[in-house]
Amino acid sequence: MDLRLVAHAPNGDRLGSIPQPLSLEAAWPLNDVGGLRLAYAAGAVGAELLEQPCEVAIEWSADGVTWTEPPDGRFLRILRRGDSTDQAEVVRYELPAFVWMLRKLILYSGSAPLVDGKRAFLSATPGAILRTWLTEGQTRGALPGVTWDFTLTHDSAGVEWAKVLTIYYEPGLDLLTTLINLAEQGVIDFQMQGRELRVFNADTLHNDLAAGDAPVDLRYGRDITQAPEVGTLEDAASAVLVVGDAGFQQSYVSSAGHGPWGRWEMFIGQGGVSDPGTATLLADTAIKRASGERVQRTRSIALETARWLPFRDYAPGDLVLAPGEAAAMQSLRVRQITLTRDHKRALAGHLVLNDRLLERDLRLARRTAGIVGGSTSSGGSGAKPAPEAPAPRTPTAPPGLIVDSAAFIDTSGYARGQITATWGAVTQDVVGVALDISGYELYGRKNEVGLPWLLLAVTPADDTTATYSPLPVGETWAFKVRAVNNGRRGGFSAPPVVEAIADDPDAPPVPTTPLLATRLGVVHVSWDGLGAGAEPMPTDLARVRVWMQDPLAPGWEEIGYLDAAGSIVVPGLPYGADRDFRFTAVDHSGNESAASPSATIATVPLVDGDAAEGSITTGALAANAVTAAKVAAGAIEASHIAAEAVTADKLQAVLALATRIVAGDPGAARVELNEDGLEAYDSGGAQTVTVSAASGAVSIVGQLSTGVVGRRIIVNPAGSADPEIRWYPSTGTNYARIFVDNDGSIIHISGLNSGGDRRSQVIQRGDEWRMHIYNPSTALASGGYMFAQPTQLEVGYNDPTPALNRWRFTSTVAEYKGRLDYFGGDAGLLMFSLSINLNSGLSTIAWGSATMLTTPFCAIGLTYSGTGVVTSYMTARSTSGFNLRCDSSGAVGSATAMIWAWRK
């Protein structure tokens, strides 16, 4: 392999080659800015090409005939260093990759009003965001030589953009920073081909070269000469404390145990987090990233002897087989390629490789950025609000709602869903007048017509991001959001955003190799409960499947499973014949690991031999030893039975049928008695009734009703979308029903109330129980509700107003949200307000309908918007009320008194 340097005019044509560098070092990192360091003597051939700003391309060749400029192989001659006392007149150049030039293109304010000083991109694709920068910049005359090959709707490979973003950028931000930020969040991959910017959906640009029959395998002695590694435990931790809003906090400890010095702790402070699911997801992500030693692997490659060459056979981002932990061959990602040439023109190379743990860290970092709103700035209004009208004005619908979901593992080891919703800020009312709103309401429901919309989260006006958990994974949910202005609610965002709640995508670790033993004629297959390399199994492990095959007739067959460390017994194997065994691990979400290494064993016989042929004679059989079960079917034929030999006295009291008795048409509507039981068929030949002879079970296909009219029960009613049971009242069709969902959930729905505007619903899942009242015409929750899960219980009141009042109980906290009032004869706490006439001097205040059991304590606060000074005090405090005296100096009119009263 060889390299050469070629100079190009800025944004122009090829100038010529630069053939005599004293040394060069070029680096190609993944999704970042590469660089070229170059030393060149002033008198060497081609030195004049470097005297002025130019572009330097690196080209590679494997045969010295065909030369190719690789992606990100164009560099900018910007920085030079020299020493006038150096007689050799060596000049050293530092050239960033061409993508560096994007830092010279900044974002302007645009024509639309800014939101809190930022420019909004609402529900925009990465292509739309990047092309806005590029087209506006080139309109101004910036970066005229830069081109691109992606569109608003498709990436550089012609594939539709996988993600949309609602995001805010401050004017003055440069395009390079934005490009790298989008790549770090797992939205895109990018590279330059010459002067052309190419952008792809994340994780689609690169190839898995470690798989298949002919993998790219970098091996010691042939491809790799050195393999230095740097490891650190500086960032390790085994416990994390998450602190969120309103005093919310949650502690999380790694299930894998503590490190060599015991428990190390870390802290996450994240505003906007107030639900346990999101906190668990953040904590789990942090713990996984801090779970052990972080290792950087650098591999030096020998280009003169290597079988596989950079750029020809692999590029940054590709997966290759290379020595990893303990020199074992692993699938590793190429994070950077560095090629160097010294003064002797010797070419060498280095690779920076990431193993699966570092790749997992990158994915976890991207997930964290999405949860905490790393791609979305806070909303809010950047305009001066107009004077408020007497009545609250109606805000516009929030624009650009996007919802992203992630999965976390709960304390029971099951995957649960969490969503992060982001939308554009509302700054105007429906007629276009500037408006400061008071907050937002996020609603969601399972994406089925007729189900009620549930209020999931309420955020303040300056927060356009909300999180919610837990949700059932795998289900499709719809979400919508609206703005609130002092009690006046605007329209919902449209259309509702539908999101399939993400399931856990990560398979468990590969189990360790089976431990085999044979005794007493059987094989014992044991597992030590760990993953390969003594890695602890995660909490969501469901089982370890046990597989077996005959090595002479390959084909793996599952023969059992283990749900923890232990063993299974495999009987019935032929003596002395080898059998292979291996494991795979499966979690509760159905993700399955790769197979473990296999182990082989042959069964040792229990005794030396079996019965010889002909050794069992008639005299050796006991009376009645040969029964019907031991006679092969068809072995006794009619010719073996004498005429009239079968008589009534020879039949048992119970006659077993070997054929069938049919009443009706044998091929259509009939009732049939056969060896399987009693069966009925309709005129089309479809079976409708079965009474099993083996178990006595009865199956009926079609509708089963206890009556035709009046109060009755109908099972599997004709025309219903799902198999269900309905209960009808004595008159009318206002029925209640119960059915089972796709995930085994039991759902009860009542009939309508007398007003025809309310139903109640109960949902029972394996890990949750929910009860609520809702309005069937609007599908919005409207009344009391209860929500129970293994980790929490929530009881409250929820309606479209919305008046959200709730208690939530967990293992660590009892939380109340909403308004807390208590009135009645035995009241212990009273909270109310009323208007006081300042001119009267003395006002008698009563507790309303309540009479306190004992004379309460009382606190009063006065709100007065006029001029003058008001002082107040109370007298005659009793169980029914008190007197309030107001002395005012220049104050007239009325004031509002806010009163608290409480008793011991």
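## Helix H1 and its surroundings

Right after helix H1 comes Gly 141, which has a positive phi, near 100°. Keep in mind that we're looking at a predicted model here. H1 itself covers residues 126-139, so to speak a run of 14 residues. From its first C-alpha to its last it reaches 20 Å, close to the 20 Å expected at 1.5 Å a residue.

Which residues of H1 are buried? They are Pro 126, Gly 127, Ala 128, Ile 129, Leu 130, Thr 132, Trp 133, Leu 134 and Gly 137. The elements that cover them include strands S9 (119-124), S10 (147-148), S11 (165-169), S12 (188-193) and S13 (196-201), along with helix H2.

## Helix H2

H2 runs over residues 175-184, and seven of its ten residues are buried, so the rest of the structure largely encloses it. The buried ones are Leu 175, Leu 176, Thr 178, Leu 179, Ile 180, Leu 182 and Ala 183. As a handy rule, an α-helix has 3.6 residues a turn, so residues three or four places apart point the same way.

Now for the two ends. At the N-terminal end, Asp 174 acts as a cap: one of its side-chain oxygens sits 3.1 Å from the backbone nitrogen of Leu 176. Just past H2, Gly 186 has a positive phi of about 75°.

## Strands that pair up

Strands of a sheet pair through backbone hydrogen bonds, either parallel or antiparallel. One open sheet here has eleven strands with antiparallel pairing, in the order S45-S46-S47-S48-S49-S50-S51-S52-S53-S54-S55. S45 (704-705) and S55 (814-817) are the edge strands, and each has a single partner, so one side of each has no neighbour in the sheet. Within this sheet, S50 (residues 759-764) and S51 (residues 769-775) run antiparallel and are joined by six bridges. Gln 761 has His 772 of S51 as its bridge partner.

Strand S27 (residues 465-471) is mostly covered, with seven of its seven residues buried. It pairs with S24 (residues 415-422) in the antiparallel sense over five bridges. Ala 421 has Ala 466 of S27 as its bridge partner.

## A buried Asp

Asp 580 belongs to strand S38 (residues 578-587). What is the nearest side chain of opposite charge to Asp 580? That is Arg 579, 8.2 Å away, and Asp 580 is buried yet has no salt bridge.

The Asp 580 side chain does make a polar contact, at 2.6 Å, with the side chain of Thr 600. Leaving aside neighbours within four places in sequence, the residues in contact with Asp 580 are Trp 547, Met 548, Gln 549, Pro 551, Trp 556, Ala 599 and Thr 600.

Methods. Residues numbered from 1 in each chain as written. Predicted model: local features only at pLDDT ≥ 70, side-chain atom pairs only at ≥ 80, totals over all residues. Heavy atoms only, no water. Buried < 20%, exposed > 50% of the residue type's maximum accessible area, 1.4 Å probe, protein only. Helix = DSSP H or I, 4+ residues; strand = E, 2+ residues; numbered from the N terminus. Pairing = 2+ DSSP bridges. Polar contact = N/O pair within 3.5 Å; in protein donor to acceptor, adjacent residues only side chain to side chain. Expected span 1.5 Å × (residues − 1). Contact = heavy atoms within 4.5 Å. Lys, Arg positive; Asp, Glu negative; His and termini not counted. Salt bridge = Lys/Arg side-chain N within 4 Å of Asp/Glu carboxyl O.
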